[in-house]
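Colleague: Got a minute to walk me through this one? I'd like to start with the terms and then go through the contacts.

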Number of protein chains: 2
Amino acid sequence: MSTKPLLLTLGDACGIGPEIIVRAFLEGAAGNCVVVGDVQVLRRAVRALDRTLVLARIEAPADLAAVPDGCLAVLQPDGLPNDLAALPWGRVHAHCGAAAACCIESAVRLVQGGQASAVVTAPLHKEALAAAGIDFPGHTEMLQEMAAPPGATAPPVRMMLANDELRVVLVSIHVALRRAVDLVSFESVLQTIRIAHTSSAAWGQRQPRIAVAGLNPHAGEAGLFGDEEIRFIAPAIAEARRLGIDVHGPFAPDTVFMRARHAPGHAGEFDLVVAMTHDHGLIPVKYLGVDQGVNVTLGLPFVRTSPDHGTAFDIAGTGQADASSLKAALRMARRLVDGAQVQAGAPAPIAAS
Amino acid sequence: MSTKPLLLTLGDACGIGPEIIVRAFLEGAAGNCVVVGDVQVLRRAVRALDRTLVLARIEAPADLAAVPDGCLAVLQPDGLPNDLAALPWGRVHAHCGAAAACCIESAVRLVQGGQASAVVTAPLHKEALAAAGIDFPGHTEMLQEMAAPPGATAPPVRMMLANDELRVVLVSIHVALRRAVDLVSFESVLQTIRIAHTSSAAWGQRQPRIAVAGLNPHAGEAGLFGDEEIRFIAPAIAEARRLGIDVHGPFAPDTVFMRARHAPGHAGEFDLVVAMTHDHGLIPVKYLGVDQGVNVTLGLPFVRTSPDHGTAFDIAGTGQADASSLKAALRMARRLVDGAQVQAGAPAPIAAS
């Protein structure tokens, strides 16, 4: 439905980002996409794959219309370090961190300016970012800050991980587990449920069935092993239900994901699960493999997805990297863009494709 | 190899325990077993399944030899409440809690006295136990205390959950997550690794490949999201390696279980995973279903296994309960008994069967 292009950011130039971008394009999965990145780095990735591909450098996303079929459109932001394609694969370098951030910033500006429909990000490396003096624990937090209007508070966002079986939305992400326990509050849980509920409309589910996992073993066993369920989580669920949200729990963390799982012969009881901690949520999503997992940032004023894996420095440049998760992220982004435009329709199946 | 019987405890008389015991026996999975329980309760379970079965009440495990084929041998401890079979299915009752504990105590005495080879426990209900004035968060803690010689400290034990794909050993179990974070120490992690390593010999793996999951997201990301990995977990792993144990980590909790998973076409990188918290470990073991999961208590002076589910009060007495997990627990107990006698042999496959 949207004809505005999707933007695909380079990620860390010395990780697997460039080669999975090229592979996804060669496999026909990156139609209507503009790469925000470095042309030389992408050429090096084409060589790493032992393929040929014409790159078309463009100046604005709208120029994509003039790019011939079979050429990969690249929008190269000003100010990228000029030695990127000469840096060794698989190593932390400040220039890679600076370039990754520059590409993301450029993509956010373009999508917020209405020139693109969504941002799909290839993996970056946090140490490379830090070496460049850019201090964010991950993409999600960086995008949250970049999305805020100047002088305004950043919007509340949540990370969703989704694959063909499961969708999980997290109350907190890149914090110590001890701190994650402290971050469980009436407000944080209610906000997570509300963001999850509202975002679901974009994939065609106006009244998703939401399960909330507890924090403690057996969801606290009536207060015996922790009382966060009683003090915060159950009241937040009650309030969300009062607001008309179809939400249930808190459930024991160790069985709720199994119950929500959508698989052949196993109709999941829920459309998504709210998890209190990074690993309660990500362990089940990743258990069967990271090939198909997609990371979606909910709550941003634009659609953003990414693959569910890192820079894989150990295999970067070898041409072995699998583009499945990036391809799933592209499919999910298209679906969310279309859904955001329609905001209606029959409940969609859970599959990310 | 062992001809001493296995003991199978009744569990909560009003839960699914009695009917899964009867079902496992009728399906041929409870050979060389003596049920430590109440004859009337088991008769009621036979009726709930709409089957016929002769129960043979015996006085000591050795009497099993004289029980005809096809009869279920029952050893009824003295002092059981006499109204058990009249209590409503699926309800908490102090008499059920008292009876469950009495059966476990009797079984522990018999196995420690050399009259039986192992204890397999059907599910009990913690509220029923509490109603009877017996205060344990679970079977594991109760068995640990019962296994201690009079006046002596209880032995350090750990809970292992295993299915056909994964074996997980937990540093802590039935405590609030906040407390679980506090329980991660050099000593607790090292002790868990050592118990896991030593116990593995019983299933024929003298040098199991052990992975240790971190506590924090990304295993703390070099101290950015928590420092328990640096302060406690990595030093414990180093010490265990110095002791000759093949142990690795700490790994990011969200991907280590995927890496350790043994499945068709996916050779796991590790034989077992040590997890810091109840739910980090149990979420992946239960994700694909609880049918085949087995709970094993490591560190006790005898073999003890149990199914990986609770009393399922919602379906108790309906004859619907699935005995798969109990049957897997019986197979695992036999295997551990044989392994403990041999303490040698080629590395065994991970399958619990």
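Modeller: Sure, one term up front: buried means under 20% relative accessible area, exposed means over 50%, and partly exposed is in between (1.4 Å probe, protein chains only). Also, this is a predicted model, where local features need pLDDT of at least 70, side-chain atom pairs count only at pLDDT 80 or more, and totals for chains, interfaces and linings use all residues. Residues are numbered from 1 along each chain as its sequence is written, chains are lettered from A and ligands numbered from 1 in the order in which they are written, and side-chain values use heavy atoms, with hydrogens and water left out.

Colleague: OK. So what does E27(A) count as at 43% relative accessibility?

Modeller: E27(A) counts as partly exposed, because its relative accessibility is 43%.

Colleague: And which residue does E27(A) form a salt bridge with?

Modeller: With K327(A), the closest N and O atoms being 2.5 Å apart. A salt bridge here is a side-chain nitrogen of Lys or Arg within 4 Å of a carboxyl oxygen of Asp or Glu. E27(A) sits in the loop between α1 and β2 (33-36) of chain A and K327(A) in helix α11 (residues 324-342), so the pair ties together parts 300 residues apart in sequence. Helices (H or I, at least four residues) and strands (E, at least two) are DSSP runs, numbered from the N terminus. R23(A) joins in too: R23(A), E27(A) and K327(A) are linked in a network of salt bridges.

Colleague: How many residues of helix α1 of chain A are buried?

Modeller: 8 of the 10 residues in α1(A) (residues 17-26) are buried, so the helix is largely enclosed by the rest of the structure. Among them are I20(A), I21(A), V22(A) and F25(A). After α1(A) comes G28(A), with a positive phi, near 80°.

Colleague: Switching to the two chains: what rotation superposes chain B on chain A?

Modeller: A rotation of 180° with 0.0 Å of shift along its axis, giving an RMSD of 0.0 Å. That is the relation of a two-fold axis. The same surface serves both copies, as 100% of chain B's contact residues recur in chain A. Superposing is by least squares on the C-alpha atoms of residues with pLDDT of at least 70 in both.

Colleague: How many residues of chain B are in contact with chain A?

Modeller: 39 residues of chain B, with 39 residues of chain A, are in contact, meaning heavy atoms within 4.5 Å. The two chains bury about 3,600 Å² between them, 64% of it on carbon and sulfur atoms. Buried area is the accessible area (1.4 Å probe) that two parts lose on being put together, summed over both. In chain B, L177(B), I283(B) and Y287(B) lose the most area to chain A, together 22% of what that side buries.

Colleague: How many salt bridges are there across that interface?

Modeller: The rule finds 8 between chain B and chain A, and 24 over all chains. One of them pairs D254(A) with K286(B), the closest N and O atoms being 3.0 Å apart. That pair crosses between chains, from helix α9 (residues 253-260) of chain A to helix α10 of chain B.

Colleague: Are D254(A) and K286(B) buried or exposed?

Modeller: Both D254(A) and K286(B) are buried. K286(A) likewise forms a salt bridge with D254(B), the closest N and O atoms being 3.0 Å apart.
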